[in-house]
Amino acid sequence: MSAGLSSDTSQSVQQIIVSATVGLIYANYLYQSYIIGEFAAFPEPVAKKLRRALYYSNYDIQPDNALKYYKQALAAAEEVGMDPFSDEILGVKFQMASFFENQLHQPKMAIEVLERVRQSCLDWERKIGGAPKDRAKRTRVLGQCVRMSVKLGELYAGPEIMETEHAEESLVWAVTTLLKEQNRREQEGVQDDEGEWMNPDEIGGALE
């Protein structure tokens, strides 16, 4: 850990690492059950492609077909006008990352997926997320960025990658963002329709 971090921030990093470890035990099951259990949230053209993607990624494992149908599901979602930053669409992308990591044992590809998704979310948050009508969405999207950064820290630190500098960078960003948002709310007050933010103790529950 960087010597410049305060003891409170270092402790928060440790809390997040522990919480992430607990949450990730259940990641595969929950990604899958979330999508399967919430098919009603997807228009049928999207759900049809997702069912095939999940079949080829969890039962009759065929990587080429799984990825093809994930991409077709995302394309269908764009065609019908689904919000690319909704929990449903982000969940599809998280499932793709999980597929790379757990079924194909390609953590580097999982990192690439999550880095792209996180950057896209951050670009939206910086450009549009400050609008009053998007306050609740900003809270949700920024929270997902924190979760992705925790997961990225775990992937970068894994034995297949061993990029400790990137792991630390991801975890420190997660902690810094978490505390910065908490401090802003404490100092400025919670604005209308922002919704509740996270705290370090809630990170584990949010990942599970």
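A salt bridge is a side-chain nitrogen of Lys or Arg within 4 Å of a carboxyl oxygen of Asp or Glu. The structure shown above is a predicted model, and by this rule it has 13 salt bridges.

One of them joins E181 to R184, with N and O 2.7 Å apart. The two residues lie in helix α8 (residues 164–188), three places from each other, or about one turn of the helix. Both E181 and R184 are buried. The pair also belongs to a wider arrangement: salt bridges with shared partners link E125, R138, E181, R184, R185, E188 and E194 into one network.

A second pair within a single helix is found in α6 (residues 107–127), where R118 and E115 are three residues apart, again about one turn. An α-helix has 3.6 residues a turn, so residues three or four places apart point the same way. The closest N and O atoms of R118 and E115 are 3.8 Å apart, which is inside the 4 Å limit. R118 counts as buried, at 13% relative accessibility, whereas E115 is partly exposed at 24%.

The salt bridge between R140 and D87 connects two helices. Its N to O distance is 3.2 Å. R140 is part of helix α7 (residues 135–157) and D87 is part of helix α5 (residues 87–103), so the bridge ties together parts that are 53 residues apart in sequence. Each partner is partly exposed: R140 has a relative accessible area of 25%, and D87 has one of 30%.

Helix α6 can be followed further. It has 21 residues and reaches 30 Å from its first C-alpha to its last, close to the 30 Å expected at 1.5 Å a residue. Its buried residues are P107, A110, I111, V113, L114, V117, R118, C121, L122, W124 and E125. They cover an arc of only 165° around the axis, so they sit on the same side of α6. K108, R116, R126 and K127, on the other side of the helix, are exposed. The cover over the buried residues of α6 includes α5, α7 and α8. Two residues on the buried list have appeared already or will return below: E125 is a member of the salt-bridge network, and R118 is the partner of E115.

C121, also among the buried residues of α6, raises the matter of disulfides. A search of the whole structure finds zero of them. For C121 the nearest cysteine sulfur is that of C145, 4.6 Å away. A disulfide requires two cysteine sulfur atoms within 2.5 Å, so a separation of 4.6 Å does not qualify. C145 is likewise in no disulfide, its nearest cysteine sulfur being that of C121. Both cysteines are buried: C121 has a relative accessible area of 0%, and C145 has one of 1%.

Confidence varies along the chain. The average pLDDT is 81, and 76% of the residues score at least 70. The mean is highest in helix α4 (residues 63–79), at 96, and lowest in helix α1 (residues 7–24), at 46. Residues 1–5 have a pLDDT below 50, and this stretch has seven contacts in the model beyond near neighbours in sequence. Residues 12–33 also stay under 50, and here the model has 36 contacts beyond four places in sequence.

Notes
Residues numbered from 1 in each chain as written. Predicted model: local features only at pLDDT ≥ 70, side-chain atom pairs only at ≥ 80, totals over all residues. Heavy atoms only, no water. Helix = DSSP H or I, 4+ residues; strand = E, 2+ residues; numbered from the N terminus. Buried < 20%, exposed > 50% of the residue type's maximum accessible area, 1.4 Å probe, protein only. Expected span 1.5 Å × (residues − 1). Arc of directions from axis to C-beta. Contact = heavy atoms within 4.5 Å. pLDDT = per-residue confidence, 0-100.
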